[in-house]
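Colleague: Hi, have you got a minute to go through this one with me? I'd like to put a few quick questions to you.

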Amino acid sequence: MNLYRYLEDFGRYVLMLGRVFRKPENKRMYFDAFLIEIEQLGINSVGLVAIISLFVGAVVTIQTALNLENPLIPPYYIAIATRESIILEFSPTMVSLILAGKVGSNIASTLGTMRVSEQIDALEVMGVNSASYLILPKVLAAMVFNPILISMSMFLGILGGYVFGQLTGMVGPEDFIEGLLLEFKAFYVTYALIKTVVFAFIITTVSAYFGYYVKGGAVEVGQSSTRAVVASSLIIILANYILTQIILS
């Protein structure tokens, strides 16, 4: 029974995507909606991502330094570990999971409220492709702005490690800079941004699906938001494994 329900959800999700990516009726209207979503889904998340990234970078540096208290291990290895942890996993994956909670619940609850208040039905009556008009700007906004957020997260995470490394005296500035530059692979940044774009698509479309097809009232809207966050997070973790195998293997 659960398998049938999952297959039904997947089929309906695919059909929804078919409606979402149809040619827009009014490009100017869609562009205006896109700019609004850039602010709501992207710019409004900058502060949260910045604070988390700074302190996680600091924690990674401190924990790495505590676990490398060996005179035979050069201090610059602390910076290498911080750099790899931030770029490869924390910024693209952990921040995306955080955004799945913040952005995903917002999308699901917004669309769910529009559904139960019959605003979506009103759009359909007026001949508007509601799935495309309501969801496509959110998808494009997240796919455009999330890589900017993740790039900022990488920078601030490493900066947090650098600053707190100095404040705690665990690694000197010269050693930290040397570690950052040693054997740096620019492709890792590309890999992280590829994951970010995929995760942005997952967050917006999965959350939109749960909100767009909600039935009932306020309670069901809240439940759909919870299911959207859980489903998005699980799919991101699975996609992270698949993309890592494909890109880095």
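Colleague: Let me jump straight in: is Glu89 buried, partly exposed or exposed?

Modeller: Glu89 counts as partly exposed, because its relative accessibility is 31%. One thing to say up front is that this is a predicted model.

Colleague: Fair enough. Which residue forms a salt bridge with Glu89?

Modeller: That would be Lys195, with 3.7 Å between the closest N and O atoms. Lys195 sits in helix α8 (residues 187–212) and Glu89 in helix α4 (residues 76–116), so the pair ties together parts that are 106 residues apart in sequence.

Colleague: And is Lys195 buried or exposed?

Modeller: Buried, because its relative accessibility is 0%. Its partner Glu89, as I said, is partly exposed at 31%.

Colleague: What does Lys195 touch, if we skip residues up to four places away in sequence?

Modeller: Besides Glu89, the residues Leu88, Pro92, Thr93, Asn240, Leu243 and Thr244 are touched by Lys195.

Colleague: How many salt bridges turn up in the whole structure?

Modeller: Seven, from a search of the whole structure. One of them joins the side chains of Arg83 and Glu84, at 2.8 Å from N to O. Arg83 has a relative accessible area of 4%, so Arg83 is buried. Glu84 is partly exposed, with 21%; the cut-off for buried is under 20%.

Colleague: Got another one for me?

Modeller: Sure. Arg12 forms a salt bridge with Asp9, and there the closest N and O atoms are 3.8 Å apart.

Colleague: Why are Arg12 and Asp9 separated by about one helical turn?

Modeller: Because they are three residues apart in helix α1, which covers residues 2–20. Both ends of that bridge are partly exposed: Arg12 has 29% relative accessibility, and Asp9 has a relative accessible area of 23%.

Colleague: Changing topic, what's the overall fold made of in terms of helices and strands?

Modeller: There are nine helices and zero strands in the protein. Along the sequence the pattern reads α-α-α-α-α-α-α-α-α. The C-alpha trace spans about 70 × 45 × 35 Å along its principal axes.

Colleague: What share of the residues counts as buried?

Modeller: 43% of the 249 residues count as buried. As for contacts with a separation of 6 or more, 86% of them are between residues 24 or more positions apart.

Colleague: Which residues have the most contacts inside the largest nonpolar core?

Modeller: Met16, Leu99, Leu111, Leu134 and Ile135, in a core of 57 residues. Helix α4 gives the largest share of this core, with 14 residues.

Colleague: Pick Leu99 from that list. Which residues is Leu99 in contact with, leaving aside its neighbours within four places in sequence?

Modeller: Leu99 is in contact with Ser45, Val49, Gly104, Asn146, Leu149 and Ile203.

Colleague: Now α6. What end-to-end distance should α6 span, and what does the model give?

Modeller: Helix α6 has 39 residues (130–168), so at 1.5 Å a residue α6 should span 57 Å. The end C-alpha atoms of α6 are 54 Å apart, which agrees.

Colleague: Where does α6 bend?

Modeller: At Phe145, by about 30°. A proline, Pro147, follows within four residues.

Colleague: And what comes after α6?

Modeller: Gly169 does, with a positive phi near 75°.

Colleague: Let's talk confidence. Where in the protein is pLDDT lowest, and where is it highest?

Modeller: The lowest is in helix α7 (residues 173–181), at a mean of 87. Helix α8, where Lys195 is found, has the highest, at 95. The average over the protein is 90, and 100% of the residues score at least 70.

Colleague: Can you give me a residue in α7 to look at?

Modeller: Try Pro173, which is found in helix α7. Its relative accessibility is 31%, so Pro173 counts as partly exposed.

Colleague: What is Pro173 in contact with, neighbours within four places in sequence aside?

Modeller: Pro173 is in contact with Tyr162 and Gln166. If you want a distance to check on screen, Pro173 and Ala79 are 9.9 Å apart in space, C-alpha to C-alpha, with their positions 94 residues apart in sequence.

Colleague: Great, thanks for walking me through it!

Methods
Residues numbered from 1 in each chain as written. Predicted model: local features only at pLDDT ≥ 70, side-chain atom pairs only at ≥ 80, totals over all residues. Heavy atoms only, no water. Helix = DSSP H or I, 4+ residues; strand = E, 2+ residues; numbered from the N terminus. Expected span 1.5 Å × (residues − 1). Bend = angle between axes of the 7 residues up to and from the residue. Salt bridge = Lys/Arg side-chain N within 4 Å of Asp/Glu carboxyl O. Buried < 20%, exposed > 50% of the residue type's maximum accessible area, 1.4 Å probe, protein only. Contact = heavy atoms within 4.5 Å. pLDDT = per-residue confidence, 0-100. Core = buried A, V, L, I, M, F, W, Y, C linked by side-chain atoms within 4.5 Å.
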